[in-house]
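Student: Could you take me through one part of this model in close detail? I would like to know what surrounds a single helix, and then how that part sits within the whole chain.

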Amino acid sequence: MEFNDTLSTSMDDFGDNIQDLEIPDALPLMAVRDVVVFNYMIIPLFVGRPGSIEAVNEAMNGDKLLMLVSQKDATKDSPAPDDLYKVGMVSMIMRTLKLPDGRLKVLVQALSKAQIKEFIQKDPHYRVEIELLEEPEEVKITVEVEALMRTVREQTEKIMSLRGILSSDLMMIINNIEEPGRLADLVGSNLRLKVSESQQILETIDPVARLKLVADLLNKELEVSTVQAKIQSDAKQEMSKSQREYFLREQLHALKKELGDEDAYSQEIEELKQKIKKKKLPKHAKKEAKKQLKRLEMMHPDASEATIIRTYIDWILDLPWSNSSKDKLDLKIASAVLDEDHYGLERVKERILEYLAVRKLNKDTKGPILCFVGPPGVGKTSLGQAIAKAMGRQFYRMSLGGMRDEAEIRGHRRTYIGALPGRILQGLKNVGTNNPIFMMDEIDKVGADYRGDPSSALLEVLDPEQNSTFSDHYLNLPFDLSKVMFITTANMSDTIPGPLMDRMEVIRLSGYTLEEKMVIARRYLLPRQIKENGIKPAQIRLDDKTMKLIISQFTHEAGVRNLERELGKICRKIARKIAEGGKGPYTVSANNLNKYLGPPKFLPDAELDTVGHPGLVVGLAWTEVGGELLHIETTIMPGKGKLILTGQLGDVMKESAQAALSYCRSRIKELGVSAGYFDEIDIHIHVPAGAIPKDGPSAGITMATALYSAIGKKCVKKGMAMTGEVTLRGRVLPIGGLKEKALAALRSGITKVIIPMENQKDLVEIPEELRKKITFYPVKNMDEVIELALGKLKKPSRRNKQSSGKGKRAVA
């Protein structure tokens, strides 16, 4: 329930009319918020809560009486009995009006003070047993009581006068009341008191004590109102003083002008004029700069708006409207620079060289908008720096991770104090050119809240057809971003909004193979760590065998970030030995590697040996940090046909398990079980690492194979993994992230991978050295999967290498 206002008035003639009214012991209860109803009040209420409407309807169907009590916490929509005060007012409904939105407008009269004894009904609304709280009929007016009443009247008049709400009618009513209790209730209802303070007045039964309490609260309110009035008066005087100082300064400025004395402000204005004249600005920017400079000339230098305009003109002059860096268009040199800083990543390098070739032929081509998607540590950010170096452009990087304010992109409007342009224009000002390599990291982690949606603001920035007239809220002038080469990075593309994804050219960077990591460690990581730790290359010896152990047993990642950390740890320990007087060289080998790095963090996966373990199958999963192995364990036990799923599986994965079970039930003849077999057993499917949430459809054929293996008591071939979505009819549907999954399989020593037939086209994306080590088996349905995983595996031949016919197929 809500209120628009409360109206309280004296009801001197009302008390006589209710003396003969019989109030029952039980009444419907309605809770009110932000107000306390006093004796003799007439108050309009807006009733919107279902329970309150039910209480009003019951009262209207009876004697129109209901109990009104105040809530302790106004924010609760469904208050419990403990959330309500026990003392309230028995009130009569005078009039009701149903509003178009379903609420009721109710006019009530407070009749008598009462206390709740017991809640006798709680649904659909409260109904309570009450006890009337009778006040003394006559109060002896002593000299002390008369003085107290006069004090209350005088304080009330002062407070209303200070607040500017003094009403002659209300004061006449207050002066005519001769009963202490009624005077206390009337004054208390018209003061701006907290609900708890008003409730304290209501619960005080003795009229004189109640009047004393009101007098104490009036003293407190009078002090607050006096201080408030003083603050307002001081502010008005300060404003008059500022206007007087402004007038005197203007006179002083005029006198200096007549005497020919140039002040610093005039010199600053002249400097700005010369800068605007010399700066190569577009017509619209020059026009706006001159307009703002004229406004600045007419203002006083100490005016607050003068500072805002001066800062705005500085921003116009500092932005690189026409400053461009010259591109290096020699493709051979650019290719050499890219190869120098990064190993592999051929698709990215090829795309950059294509852009340079187009720039060489067409100077007016627009900058591409690329999006590098890949797991952490594969070199997305450093690749942007290498591209800038190869092209001879400035590089600027901004992080979008956790950004929730649209003003970070578009800037704040100049009406706000401390307003600045968005980070796009700030970056261009920092680099000083209008064609830098502008990298936006973590675009998949942009948020949104009440301040706006930054991803929507990025739609204009990352659209080649629109960003030539990008408008920042602060600058309020179109700025050409078409020459900027935007590069965004993301760990996964699923969280990037569709319209934003559509504007970018996505280039996926998968993880590195063991051989690629070896080359990267030798060329880049180890030399960098040797230099950073202050040792010489001749002081450390680390052979390829040891490097392979570091990669395979101390790191488990798609990128090389942790690999560099481990190499840095070795270099630091050697640096300490040299600093303590050692000379070296120090050899790091497989025998002493644990002295530098401790025990191995990752051992070869023992669970890959599935021989003798029916129901244990290895699947492949994709995560935002690369591919991972997914072990599916299935156990059959006597039961009543239940399917138990554990391992913190998502809804999609649970549906895959149901589909796998339905497939197996449709193959009872092949499995050699009776029709009622599945009603006599319970099946438990578990995916280890239960603390990690898992979801996705690509584990479908893995679950179906695990079920088939457990029911048929057959083991899956050693060194085999699989990935693919399964349907009720056993069809195998395509999946994503094949390269990442293949890398994960290779890291764990798996050499045979079953994939959907429709993913055969994706094998060209997998490096040739990877395809030589893993044999891929494209399949169309589950029957082929079961034959490959549980039957005799045929050796792949050259003839069926790209076969799409029936039977077993292998692609090496």
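Tutor: Happy to! One term first: two residues are in contact when heavy atoms of theirs lie within 4.5 Å. Please keep in mind that this is a predicted model.

Let us look closely at helix 19, which runs over residues 544-554. Its buried residues are Thr546, Met547, Ile550, Ile551 and Phe554. They sit on the same side of helix 19, because the arc they cover around the axis is only 140 degrees. What does this buried set of helix 19 pack against? Three helices take part: helix 18 (514-532), helix 20 (561-579) and helix 21 (593-597). Two strands join them, namely strand 14 (540-542) and strand 15 (586-588).

Helix 16, at residues 454-461, makes a useful companion to this picture. Here 6 of the 8 residues are buried, so the helix is mostly covered. The buried ones are Pro454, Ser455, Ala457, Leu458, Glu460 and Val461. Their cover includes helix 14 (407-410), helix 15 (423-431) and helix 17 (498-502). Strands contribute to that cover too, among them strand 9 (437-441), strand 10 (470-471) and strand 12 (485-490).

For a contrasting spot, try glutamate 134, in the loop that links strand 6 (127-132) to helix 3 (143-163). Glutamate 134 counts as exposed because its relative accessibility is 59%, and the cut-off for that label is over 50%. The C-alpha atom of glutamate 134 is 8.0 Å from that of isoleucine 205, although 71 residues separate the two along the chain.

Now for the whole chain. The protein chain holds 27 helices and 24 strands. Its radius of gyration is 41 Å, well over the 28 Å that the globule rule gives for 812 residues, so the chain is more spread out than a compact globule. The C-alpha trace spans about 115 × 105 × 60 Å along its principal axes. Of the 812 residues, 48% are buried. Among contacts with a separation of 6 or more, 74% join residues 24 or more positions apart.

The surface and the charges complete the view. The protein chain exposes about 41,700 Å², and carbon and sulfur atoms supply 50% of that area. There are 121 positive and 113 negative charges, and their mean positions lie 13 Å apart.

Note on methods. Residues numbered from 1 in each chain as written. Predicted model: local features only at pLDDT ≥ 70, side-chain atom pairs only at ≥ 80, totals over all residues. Heavy atoms only, no water. Helix = DSSP H or I, 4+ residues; strand = E, 2+ residues; numbered from the N terminus. Rg over C-alpha atoms; globule rule 2.2 N^0.38 Å. Buried < 20%, exposed > 50% of the residue type's maximum accessible area, 1.4 Å probe, protein only. Areas by Shrake-Rupley, 256 points an atom, 1.4 Å probe, with all protein chains shown as cover. Lys, Arg positive; Asp, Glu negative; His and termini not counted. Charge placed at Lys NZ, Arg CZ, Asp CG, Glu CD. Arc of directions from axis to C-beta.
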